[in-house]
Structure formats: C-alpha cells, structure tokens
Amino acid sequence: MIREFSISVYLILFKLIFSFFKLFPLKNKVTFVVSFGDNAKYVLDELKKGNSTSDIVCLYTKPSVKSIFEGYSDIGLIPFESKDILKTILSIYHLATSKYIIIDNYYGFLAATEFKPGVECVQLWHAAGAVKKFALEDQSNASRSQRANERFLKVYRKFDKVVVGSDAMAAVFMKAFGIPSKNILRTGIPRTDFFFDKNKKKQVIEKLESDNPDLKSKKVLLYAPTYRDGELEASDIKLDLARMQKELGDDYIVLLRLHPAIRKTFSYNDKFPGFVYDYSGPDYDVNELLLVTDILISDYSSIPYEFALLNKPMIFYAYDLEEYTKSRGLWENYSSMVPGPMVKETADIIKVIKKNQFDLDLVRDFSKKWNKYSNGNSSLNLVNYISSPAEENLQKRETAVQ
C-alpha cells in the first residue's frame with residue numbers, strides 16, 4: 001500500500017513537470033532511456049557514423065551503464081530517476097522535447113506521459129528472445145493490485161514501435177504488451193551486429209585470450225544462468241563445480257556469468273584455481289564472452305538466442321523446471337523450445353559433454369527462427385527508420401512494420 005502510494009505521488013509530480021515542458025517546442029533530438037545500454041550504444045554509433053544532425057541524450061539508471069557512454073563527448077549523459085532533483089527535472093525536459101524516445105526496459109514514468117503528436121516511443125527491449133513470460137503474461141500479476149496492473153497497461157500503450165529480430169519474438173511482444181502488429185518494427189536487434197563484424201570479433205578474442213591464456217589452451221564452458229528470486233549469494237548456484245573439475249578439468253575450463261544482484265561471499269577463482277573463472281562483473285560484455293565459449297550452459301536466460309548466431313552447442317540446465325514453470329510461466333513447452341540437451345543434474349551435463357551429444361541442426365533452425373532479421377545491419381535499419389522524415393517516408397515506415 002505504501003509503495004503504491006509513493007508511486008502514485010511520483011507519477012503525479014512527473015506528469016505536472018512533463019506537462020509544463022510540453023509547452024516547449026519539439027527539437028530534432030533522440031533521447032535514450034537505458035537500464036542495459038548495449039543496444040543503445042550500437043544505435044548511437046550508427047547515428048554518429050551517419051553524421052546524424054539529431055541531438056542525442058542518454059538517461060541512464062545504473063553507474064555501470066553510464067560507463068558505456070562516457071567516451072562520447074557530444075551527447076547529454078544524465079542519471080535518470082536519481083535523488084538529484086535538478087537532473088531529474090532536466091531528464092523530464094528532454095523526454096518532453098524529443099522526437100524519438102528509445103527505451104530498453106519497462107519504465108513506469110510512461111504511465112504519466114502523453115507525448116506530443118509526431119513523437120515516437122520505441123521499445124528496444126533488452127532480450128532478443130524469451131523463454132519465461134513477462135509483462136501482461138507474467139503470472140505474478142494475479143497477486144498485484146488493480147492499480148498496478150492498470151499502470152502496466154498505460155505503460156505498454158505508450159510503445160509506438162517495438163523492435164524485434166524475428167516474427168517469433170513479434171508474436172511474444174504482441175501478447176506480452178497487448179500491442180497490434182502495426183507496432184512491430186522488424187529491423188533486427190542492434191547489438192547482434194557485433195557477431196557479423198569479423199575485425200571486431202578478432203580483436204575481442206585476441207584481447208580475452210591475452211588476458212587469460214587458458215581461454216586458448218582449453219575448451220571453454222560458459223555457465224550463464226538466469227536470476228532466480230531468493231538466489232542472493234554465489235554459493236546458491238546449483239552446479240557441482242568440484243565434480244566438473246575432477247571429470248573435465250584436463251580439457252575444459254568454466255567461465256561464470258552470474259546475475260549482478262548475486263552477492264559474492266567467496267572467490268570462485270581462488271576456490272577452483274585454473275578451472276573456474278568468474279566473469280560476472282560489469283567489466284565483461286557477455287556477447288564478447290560468447291566468442292570464446294565452446295559450449296554454453298544456461299537455463300531460462302535469453303543469452304542462447306544470440307549464442308545461436310555462432311552455431312555452437314548448448315546445454316540447458318533446468319534443474320528446477322517444474323517449480324520455475326509454475327512460478328514464472330514459460331511461453332512454450334521447454335524441452336521442445338530449447339536447441340540442445342535438457343538436463344537436471346551436473347552428472348548429466350558431464351555426460352552430454354563427454355559423449356558430445358549435440359545436434360547443431362537444432363541450433364541452426366533455432367537461430368533462423370529467432371534471429372531472422374538480425375543479419376548484421378540491424379543498427380543501420382533502425383537508424384534509417386528514425387532518421388526518415390515522417391511526411392516524406394510514410395510508405396517506408398508502414399512497410400517496415402508489416
């Protein structure tokens with residue numbers, strides 16, 4: 001009750017300030033609101049490459065995201081929804097006077113905004129695919145208040161366009177956000193352009209292998225699980241690393257990519273020297289780690305959707321499938337959805353690896369389904385869209401969402 005009251009007060013104040021700044025004229029400006037930042041960076045780089053005349057503002061929610069954009073000297077970089085009242089007001093000014101608002105997550109402030117005609121809010125979602133349900137399909141909505149669910153609907157209705165990399169993800173978004181097909185923008189996912197850049201990939205691999213020679217001398221297993229409610233400490237992960245080291249340590253090493261919310265009570269690097277390397281921090285880009293990965297071990301995360309572009313094997317460690325399905329809900333039957341062996345025990349992971357029980361045809365088909373429009377030009381496609389004057393390119397825009 002107190003939380004809902006606080007949110008209501010915040011949104012009322014936001015709406016008042018936003019309504020005042022709506023009196024100002026719109027500017028040729030693109031404002032990003034980011035919690036992740038990787039997609040936004042690729043779009044920003046493409047805007048710069050094309051010598052865009054638009055002013056660019058980036059409103060970030062985390063210090064780790066700020067670091068992604070600090071190298072740009074000619075953009076506005078402002079903390080969003082921070083305790084700094086003046087910067088919060090400045091953020092609202094930019095939101096009220098920009099022609100394009102590009103977001104990468106759910107943002108409650110949209111429930112309090114009514115953009116001017118001609119403004120477009122583009123949802124550049126942080127995942128290329130979806131295993132678990134979210135938004136309107138999230139099973140936890142049943143336990144939320146009516147006011148909260150009404151607020152969610154108001155937010156989703158502000159998405160003029162939602163960027164997708166596939167028709168499969170378009171279908172997911174139409175259900176999750178309750179939007180029609182005309183709101184879908186099939187340009188591909190900007191950050192996947194990385195996987196088509198041979199020079200950049202070569203540089204990344206050389207840098208990672210230089211920092212850690214074991215990445216070159218041994219095969220690499222990357223364990224990248226999704227975050228689970230209640231899993232707050234690193235010791236909670238359900239992977240028998242000691243057994244894996246005993247049976248696989250001669251030929252393999254394990255990289256860990258844990259959720260940022262998980263607390264580190266000890267060092268995996270110290271506990272399993274020469275076998276486990278923790279790459280969970282903000283200093284490492286997960287897509288870069290995928291380049292040096294031979295086998296991905298994941299579960300309900302969206303990482304496999306991008307890893308599929310590399311046509312490498314995956315193992316799906318769904319040790320809590322029944323419980324997770326009941327609490328969160330999945331879009332499809334899990335075993336038929338994933339492009340690799342599904343296991344529930346560390347012993348089975350080891351067995352699959354030793355016997356090489358992988359079918360890369362499944363991975364190729366999976367990638368064709370979920371990465372249909374992510375073909376190396378996704379950033380350019382999106383920039384072309386937002387750079388086209390509506391009055392001159394209406395037909396082009398309608399074609400892009402068909």
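A salt bridge here is a side-chain nitrogen of Lys or Arg within 4 Å of a carboxyl oxygen of Asp or Glu. This is a predicted model, in which local features need pLDDT of at least 70, side-chain atom pairs count only at pLDDT 80 or more, and totals for chains, interfaces and linings use all residues. Residues are numbered from 1 along each chain as its sequence is written, and side-chain values use heavy atoms, with hydrogens and water left out.

Me: How many salt bridges does the structure hold?
Reply: Side chains of opposite charge can pair when their charged atoms come close. One network of salt bridges links Asp38, Arg191 and Glu306. The count for the structure is 18.

Me: Is Arg151, the salt-bridge partner of Glu4, buried or exposed?
Reply: The closest N and O atoms of Arg151 and Glu4 are 3.0 Å apart. The pair links distant parts of the chain, helix H5 (residues 146-156) and helix H1 (residues 2-21); helices are DSSP runs of H or I, at least four residues, and strands are runs of E, at least two, numbered from the N terminus. Buried means under 20% relative accessible area, exposed over 50%, partly exposed in between (1.4 Å probe, protein chains only). Arg151 has a relative accessible area of 11%, so Arg151 is buried.

Me: Which residue forms a salt bridge with Lys41?
Reply: Lys41 is partly exposed at 29% relative accessibility. Its partner lies four residues apart in helix H2 (residues 38-49), about one turn of the helix. With the closest N and O atoms 3.0 Å apart, the partner is Asp45.
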